[in-house]
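Subject: A structure for you to look at

Hi there,

Here is the structure I promised to pass on to you. Have a look around first, and then read on for what I found in it.

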Amino acid sequence: MSILFTPFKLGPITLRNRTIRSAAFENMAYGNSPSDDLINYHKSVAQGGIGMTTVAYCAVDLSGVSFDGQLYVHNEIKDGMRKLTDAIHAEGAKASIQLGHCGNMTHFYTCKCMPWGPSTGFNMYSPTLYRGITKDEIKYLVKKFGEAVDWSRECGFDCVEIHCGHAYLISQFLNPTLNRRKDEYGGSLENRMRFMNEVLDEVMLHAKDDMAVIVKISMTDGYKGGMTLEEGIEVAKAINKHGVHGIVLSAGTVSKTPMLILGGAMPLKALAHYMNPWKFWWLKLGLIIAGRLLIPTVPYKKGDLFFLEWAKKFKKEVPDANFIYVGGVTSRKNCETVLNEGFECFQMGHVLVNDPAFVNHMKESDENYCSKCLRSNYCIGRMYTLEMKCHHCVENLPEKLRKEVEEAENNNAL
């Protein structure tokens, strides 16, 4: 008998089944506040049968905000956040929120200060200089992560997901190329993990016995000079010692290897089409001149569970950890494969943009049920500028974008 639709105890909470909506960025927090669009989307995913839905990418401090459509922890939005979690709970799902800090992946106009990183450098994607964070600022952010857990509880969330991957601030500390510090926070992997460990100590202290805690990591940064798979396993071992209730196994970085995270090709025409030509002229120009060099394609075919082999290595090396699989789940068959490999639950993103009721459709259909999502990544190209949306929900899609979607889907379906 399949365990797919059976309850699962995640620390102090119980999910109604083994499915979790991943923290795929919605860009629906207009003015950094929860909107009706954000509430309605997560409500629809909860109605669609998900065990827990994750509200994406909430910064613990204004200094960690990357986008105008992103949440950050502040008391003025508590009522709106409570409306969001109430809507999710009313449909029988649990509510999680991803907490993090973007580090150098932002700009002064968004985060209202000179961006922070583990060391001083230049971010070509903004473009902007960023400065190395001080020890006092590290202590400040550690405290903010703990306070963010309390804030999340007050907003009605059942779980927090701490973002330690994808080249945001904690991940930047883990990366030896980005972290060139000479103090106790740089150098050896043990030192590079120090900020992460301090954050998790604080998070677990505030989580007490009623808040589930999961951590998202990059198993590897996926490029020379970044964190290796072997180092990623050591990071997972360190995280597990904190007593967290789950570790999400992703990979890649948003700055160097974004398509390793996602699979397939970035829809460059969609990405450029929706960008403000005055605000992001340098990025539009870069995409025209060297788009595929800046954002190389990672081969993907429908049905690929593209992180599974790496994830199995982590499971073998840290057998007592509850690893949560993410990466390419598109069908009932995929779900069963992941569960049969010993993963207790898994996350999904793309398929729930295409069809928020995917879980119920699997439950109501036979074992061959498969999502109609063919991973054109249109939703990704769009979400950096506008709200997240699947191409099939867009009226009057420009012809050049329609052709790009069709080409990507045809390639992925082969």
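To start you off: which residue stands opposite Val160 in β10? The residue is Val213. Before we go further, please keep in mind that this is a predicted model.

Now for the overall picture. The strands, 8 of them, close into a barrel, and the pairing is parallel. If you want to trace the barrel yourself, follow the order β3-β4-β5-β9-β10-β11-β12-β13. From one strand to the next, the twist averages 30°. As background, strands of a sheet pair through backbone hydrogen bonds, either parallel or antiparallel.

Let's stay with strand β9, residues 159–164. On one side, β9 is joined to β10 by 6 bridges, and the two run parallel. Strand β5 (residues 94–100) also runs parallel to β9, with 4 bridges between them. In that pairing, Gln98 stands opposite Glu161 in β9.

Are the residues of β9 mostly covered or not? They are mostly covered: 6 of its 6 residues are buried. In a regular strand the side chains alternate between the two faces of the sheet. You can see this in β9, where Cys159, Glu161 and His163 point one way, while Val160, Ile162 and Cys164 point the other way. Both sets are buried.

Next, go to strand β3 (residues 19–21), which pairs with strand β4 (residues 52–59) in the parallel sense over 2 bridges. Here Arg21 has Thr53 in β4 as its bridge partner. Helix α1 (residues 36–47) lies across β3 and β4, and it runs at about 155° to β4. Another helix, α8 (residues 229–240), packs on the sheet and touches β10 (212–218), β11 (246–250) and β12 (323–326). The direction of α8 makes about 170° with that of β10.

Finally, how do α7 and α8 pack together? Helix α7 (residues 194–207) packs with α8 at an angle of about 25°, and their axes are 10 Å apart. Because of that angle, α7 is roughly parallel to α8. The crossing of α7 past α8 is right-handed. At the contact, Met196, Asn197 and Leu200 in α7 meet Val235, Ala238 and Ile239 in α8. The residues of this contact divide into 5 nonpolar, 1 polar and no charged.

Enjoy exploring, and write back with any questions!

Best wishes

Technical notes: Residues numbered from 1 in each chain as written. Predicted model: local features only at pLDDT ≥ 70, side-chain atom pairs only at ≥ 80, totals over all residues. Heavy atoms only, no water. Pairing = 2+ DSSP bridges. Axes fitted to C-alpha atoms, helices over the stretch in contact; angles between N-to-C directions. Contact = heavy atoms within 4.5 Å. Parallel < 35°, antiparallel > 145°, perpendicular 65-115°, else oblique. Left-handed = near helix turned anticlockwise from the far one by under 90°. Nonpolar A, V, L, I, M, F, W, Y, C, P; charged D, E, K, R; others polar. Buried < 20%, exposed > 50% of the residue type's maximum accessible area, 1.4 Å probe, protein only.
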